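Here is a protein model to walk through. Look first at its interior, then at one helix, then at two loop residues.

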Amino acid sequence: MTHPGADEAREKLLVNLTPELRRDLRIRAAEHGLNMQDAAASALNLWYDTPTAPEFEVRGAKSWGVFLPSGGPDRFAQECRDREITKVQGMAQAITLWLTSHPSPAERLVAQPVKRILVGNQKGGVGKTFVASGLAQAMAEMGLRVLLVDYDPQAHLTKRMQIPGLPEGGESLLKHMLGEAAKHLARSLVALPHERFGGRLHVLPASMDAFLMDAKLALLQVGRDTCLARALAPLEDSYDVIVLDGPPNLGLAIDLAINFVQRRPGELIDHSGILIPVWADRSSFDAYDMLHAQIATHSKMTGAVVDELGFVVNAYDPRKGVGTQAFNEGWNQMSAPGVLATFKDLVEGREASDNQVPLLEHAPNSAHANGMRALAKELAA
Ligand SMILES: Nc1ncnc2c1ncn2[C@@H]1O[C@H](COP(=O)(O)OP(=O)(O)O)[C@@H](O)[C@H]1O
Ligand SMILES: [Mg+2]
């Protein structure tokens with residue numbers, strides 16, 4: 001199993017951390033040119049030098065793993081015992097101190113491009129469409145203008161939204177990618193009618209020709225790598241967020257999507273990137289290793305910087321046994337990227353797709369819907 005950021009000379013510290021602190025630490029560390037491990041080590045040193053730190057709210061803290069220089073975990077545990085506080089409190093104090101002493105550099109004020117999120121994993125059935133759709137709904141509900149792209153030729157998203165296909169006069173995304181479209185891509189969008197989305201949630205439906213995407217694009221002589229980014233560019237100013245529901249393979253289409261969500265000059269770490277739904281099972285770890293390798297290869301060959309925003313552990317059912325629970329722990333112990341949300345295997349998720357009603361409309365007060373709202377809030381921060 002790959003542990004990105006793992007380092008043989010370091011020791012792993014497992015401690016709970018709130019999602020807000022984890023995210024702030026990761027972003028702020030990047031802004032200061034540090035990786036998260038070094039920022040955490042620096043935070044602990046600061047804390048050791050600060051005998052009394054204010055108590056910090058740690059409700060909602062989740063399991064988190066970080067690699068510290070040798071001896072680091074023991075020293076931290078001892079210091080917590082001496083101060084008679086829990087480790088979760090100690091780490092929260094340390095990171096808060098560090099964040100206060102390392103404010104955001106001025107570049108943070110630079111206007112950010114549209115947020116671009118690929119919900120991707122080549123493994124089928126892990127919940128890409130469930131997460132992409134729920135996330136887009138929650139973001140629209142909170143007031144953001146959202147474009148949700150059905151980027152899977154199987155058109156599951158389009159069907160579950162009860163969209164019959166492209167609106168009249170609209171041309172497929174593939175046509176736009178190939179440079180063969182005559183009309184504006186906005187003509188191909190469908191606005192969801194539900195009041196809770198306030199007309200802010202638009203879907204680019206899948207089209208039958210998407211099955212030919214890899215074959216057709218392979219013949220494209222110039223501009224292939226950027227053809228998705230180019231096709232979507234005319235829409236970018238009209239949205240705050242673009243969410244792509246990825247296909248269940250690692251073909252050319254995924255490379256183009258990776259290209260589209262790569263970090264742009266001046267764009268903050270984790271503003272855009274790949275959100276990875278997984279299951280708490282062994283094959284999901286294998287699938288992630290492959291996806292991670294593809295992202296790494298893409299980065300190496302093109303120079304792109306691609307942020308893995310985090311995992312969504314989906315359809316989790318701890319009653320399936322200790323193995324399932326252990327795999328869930330495995331995801332939660334990965335520090336970069338971390339687990340941003342966990343969705344249990346619940347009837348609402350299944351019903352919403354079976355009944356072809358958006359989740360937030362079908363079960364607005366369900367744990368699934370609230371989980372999507374929390375995820376949207378975290379990713380929109
Ligand atoms: N957390 C969940 N609880 C219950 N059903 C789920 C959950 N997540 C996904 N599903 C259902 O499982 C099926 C597969 O999910 P889907 O999102 O289509 O996966 P993918 O897009 O990765 O192929 C769908 O019918 C979906 O409604
Ligand atoms: Mg899907």
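The paragraphs below start with the nonpolar core.

This is a predicted model, where local features need pLDDT of at least 70, side-chain atom pairs count only at pLDDT 80 or more, and totals for chains, interfaces and linings use all residues. Residues are numbered from 1 along each chain as its sequence is written, and chains are lettered from A and ligands numbered from 1 in the order in which they are written.

The largest nonpolar core holds 82 residues. Such a core is a set of buried Ala, Val, Leu, Ile, Met, Phe, Trp, Tyr and Cys residues joined through C-beta atoms within 7 Å. Buried means 20 or more other C-beta atoms within 10 Å of a residue's own, exposed 12 or fewer, and partly exposed in between, with C-beta atoms placed from the backbone. Ile117 and Leu135 are among the residues with the most contacts inside this core. In general, nonpolar side chains tend to be buried together in soluble globular proteins.

Now take helix α15, residues 367-380. Helices (H or I, at least four residues) and strands (E, at least two) are DSSP runs, numbered from the N terminus. The buried residues of α15 include His368, Met372 and Leu379. The buried residues cover an arc of only 160° around the axis, so they sit on the same side of α15. That arc is taken from the directions from the helix axis to the C-beta atoms.

Finally, the loops. Glu84 lies between α3 and α4. Its phi is near 55°, positive although Glu84 is not a glycine. Gln356, between α13 and α14, also has a positive phi, about 55°.

Note on methods
Expected span 1.5 Å × (residues − 1).
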